[in-house]
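User: Please take one strand of this protein and look at it closely. Start with the whole chain, then zoom in.

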Amino acid sequence: MQPERLTYSNPKVQRLRRLLGRRSARSEEGVFVVEGPLLIAQAVAAGWEIEAQFVAPGAHAVASSGPVYELAPNVIERVASTEAPQPVVAVVRMRESMLPVDAAFVVVAHRLADPRNAGTIIRSAEAAGAQAVVFTPGSVDPFNPKVVRSTAGSLFRIPVVSAELDVLQAAGLRVLATSSHHGTAYTEADLTGRVAVVVGNEAHGVPDDAPVDGWLTIPHAGAAESLNVAMAATVLAFEVARQRRHR
């Protein structure tokens with residue numbers, strides 16, 4: 001007998017749609033949505049709890065615990081957050097992440113707004129060897145579907161926490177913020193100690209009165225006012241990594 005396929009009006013499907021679209025729903029339930037077998041497999045490999053998977057007709061779920069629901073034709077297209085949806089999506093339970101007590105290298109996104117920038121910063125931070133990524137309150141939701149996709153799986157392997165800048169100072173980190181118009185050139189600053197590198201909001205940057213211990217800048221040629229924030233974070237993160245390799 002053919003298993004029942006969930007239609008668009010099914011409560012489980014409507015819940016999936018809410019989780020994809022609403023930060024409040026994700027926060028209240030403590031779960032988020034991962035789209036695509038490759039990302040789901042990375043979540044499983046990193047030990048995240050898969051609550052349930054939803055598969056389009058003809059597709060296959062990723063091996064894991066938790067129930068698997070087959071969707072009726074064209075349902076995934078109406079639910080997914082992309083124009084070319086993945087054939088399988090999963091509801092994944094959030095983890096409570098905390099700043100590691102011995103963290104010596106942290107990347108901070110201060111009131112960041114754009115999901116793709118956020119995802120790229122998480123991905124670059126992992127690649128550069130950071131021990132955590134911090135989003136200050138007022139930033140984009142790190143479990144936003146666009147953020148999850150943009151991390152390319154890094155979200156599952158590096159702690160992503162929420163904290164204010166002064167909390168990082170209290171933890172013994174030297175908090176260095178980036179600016180497009182003042183500060184020490186990033187290649188001339190000593191980044192070998194315990195450091196938190198802060199990049200700011202796309203439109204406003206890091207406020208001049210932010211509770212930081214110093215400022216960094218990335219000198220550049222041409223008429224461009226500044227780098228894209230995710231690119232700036234990547235440049236700085238790999239400079240931290242370079243200095244630590246050669247100290």
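Analyst: Here is the whole chain, followed by a close look at strand 4.

This is a predicted model; local features need pLDDT of at least 70, side-chain atom pairs count only at pLDDT 80 or more, and totals for chains, interfaces and linings use all residues. Residues are numbered from 1 along each chain as its sequence is written, and side-chain values use heavy atoms, with hydrogens and water left out.

The protein chain has 8 helices and 11 strands. Both are DSSP runs numbered from the N terminus: helices are H or I with at least four residues, strands are E with at least two. The radius of gyration is 20 Å, close to the 18 Å of the globule rule for 247 residues, so the chain is as compact as a globular protein of that length. This radius is taken over C-alpha atoms, and the rule is 2.2 Å times the number of residues to the power 0.38. Buried residues make up 49% of the 247 residues. Buried means under 20% relative accessible area, with a 1.4 Å probe and protein chains only.

Now zoom in. Strand 4 covers residues 88–93. Of its 6 residues, 5 are buried, so strand 4 is largely enclosed by the rest of the structure. It has partners too. Strand 1 (residues 31–35) runs antiparallel to strand 4, joined by 5 bridges. Two strands pair if DSSP finds at least two bridges between them. Here Val33 has Val91 of strand 4 as its bridge partner. Strand 2 (residues 50–55) also pairs with strand 4 in the antiparallel sense, over 5 bridges. There, Val55 is matched with Val88 of strand 4.

Technical notes:
Buried < 20%, exposed > 50% of the residue type's maximum accessible area, 1.4 Å probe, protein only.
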